[in-house]
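Hi everyone, thanks for coming. Let me put the structure up on the screen.

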Amino acid sequence: MWDNTPLTCAAYYGHEDVALTLLELGADPTAENEHGCTALLFAAVESMPRLLRALLAIKDVARSLAAGKRAVVYNGTTDETAERTPLLAAAESGFVEGVQLLLAHGALLADARAGAGSPLALAARRGHAHVCSLLLTASASVAPTLQPARAGAPDAPPALRVAVSHGHMEAALVILGFAPSAAVADPGLVPLSATRGLLPLCRALIDAGASVDTPGDDGLTALHIAVRRDDAAMTRLLIALGASLHVTDAHGRTPRQLAQLSGHEALEEELARLEGDRPNDALRAASGDDAAGRAAVSAPAAEAVHLS
């Protein structure tokens, strides 16, 4: 690596004690390599709390956080090279103490290039639920409703989709807890959760107001997806929460017909029996009213739906 000082080189390779000694000997804490990377950025990437704390105690270093400057850096935890600020790097690495320190010293929570590259979305992508909670808590006083259009607010719905897409249920539940409106803002989350087999998240999304029968990007409802995956537990949950047995996918197939085509005989037989038990379901599916069906499902009713 060219243009590295001894301090940035020590920090790059994760040699925290060496970097701290160099600082004590008067090394320039603001020095950058050819990519604009500083010891502060490397301390965040490599999860070095003592070095991070020592650097942030230097006024010129702490003031640099307000600029939100990014530099291209390699992260060994993710095995990716990308433009990162110290906060982005710490969030992506799941460096909880680092995120706390950086936020306490004024690191920018969001910038003009938020979205999939925000600290929250990067933490969600890696499933760092604790970091997600820290970031959301830090922003609560700025944007209590967590609407992504508000200045300075984290992009809760995109971050929630990121967490669900990567199968990180704990992180998704944390984000949903702070931003329940995201369940309605992104109607494709229920089928996406069904694809990942995330039962508690499916229930939480529907409880927050998401439609149980809204199809995903592939035209399949959550129930269609559960049936296609031969996921009896997910199928049971969705039916208990009011999923229509007669709703059709983009090809005009009901969940039972899809079970038949997929060769899932046990599910097909049970769905056929349930269709007989719920004759009004077809009318509800035609009207698109799943809210009433959901409200009518009691806990005992949920327990009564058993699939073989």
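I'll talk about how some helices pack, and then about the nonpolar core. Keep in mind that this is a predicted model.

Let's start with a bit of vocabulary. When two helices pack, we describe the pair by the angle between their axes and the distance between those axes.

Okay, first pair: find helix H4, residues 49-56, and helix H7, residues 96-104. Their axes are 10 Å apart, and the packing angle is about 10°. Angles under 35 degrees count as roughly parallel, so that's what we call H4 and H7. Who makes the contact? On the H4 side we have Pro49, Leu52, Arg53 and Leu56, and on the H7 side Glu97, Gly98, Leu101 and Leu102. Sorted by class, that's 5 nonpolar, 1 polar and 2 charged residues.

Now stay on H7 and look for helix H9, residues 129-139. Here the axes come within 9 Å and cross at roughly 15°. So H7 and H9 are roughly parallel to each other too, and the crossing is right-handed. H7 uses Val96, Val99, Gln100 and Leu103 here, while H9 brings His130, Val131, Leu134, Leu135 and Ala138. This contact has 7 nonpolar residues, 2 polar ones and no charged ones.

Next, the core. The largest nonpolar core has 84 residues, and among those with the most contacts inside it are Leu102, Leu135 and Leu238. Which helix gives the most to this core? That's H3, residues 39-45, with 7 residues.

Last stop, Leu238. Leaving out residues up to four places away in sequence, Leu238 touches Ile206, Val212, Ala222, Leu223, Ala226 and Ala243. That's it from me, thanks!

Terms used: Residues numbered from 1 in each chain as written. Predicted model: local features only at pLDDT ≥ 70, side-chain atom pairs only at ≥ 80, totals over all residues. Heavy atoms only, no water. Axes fitted to C-alpha atoms, helices over the stretch in contact; angles between N-to-C directions. Helix = DSSP H or I, 4+ residues; strand = E, 2+ residues; numbered from the N terminus. Parallel < 35°, antiparallel > 145°, perpendicular 65-115°, else oblique. Contact = heavy atoms within 4.5 Å. Nonpolar A, V, L, I, M, F, W, Y, C, P; charged D, E, K, R; others polar. Left-handed = near helix turned anticlockwise from the far one by under 90°. Core = buried A, V, L, I, M, F, W, Y, C linked by side-chain atoms within 4.5 Å. Buried < 20%, exposed > 50% of the residue type's maximum accessible area, 1.4 Å probe, protein only.
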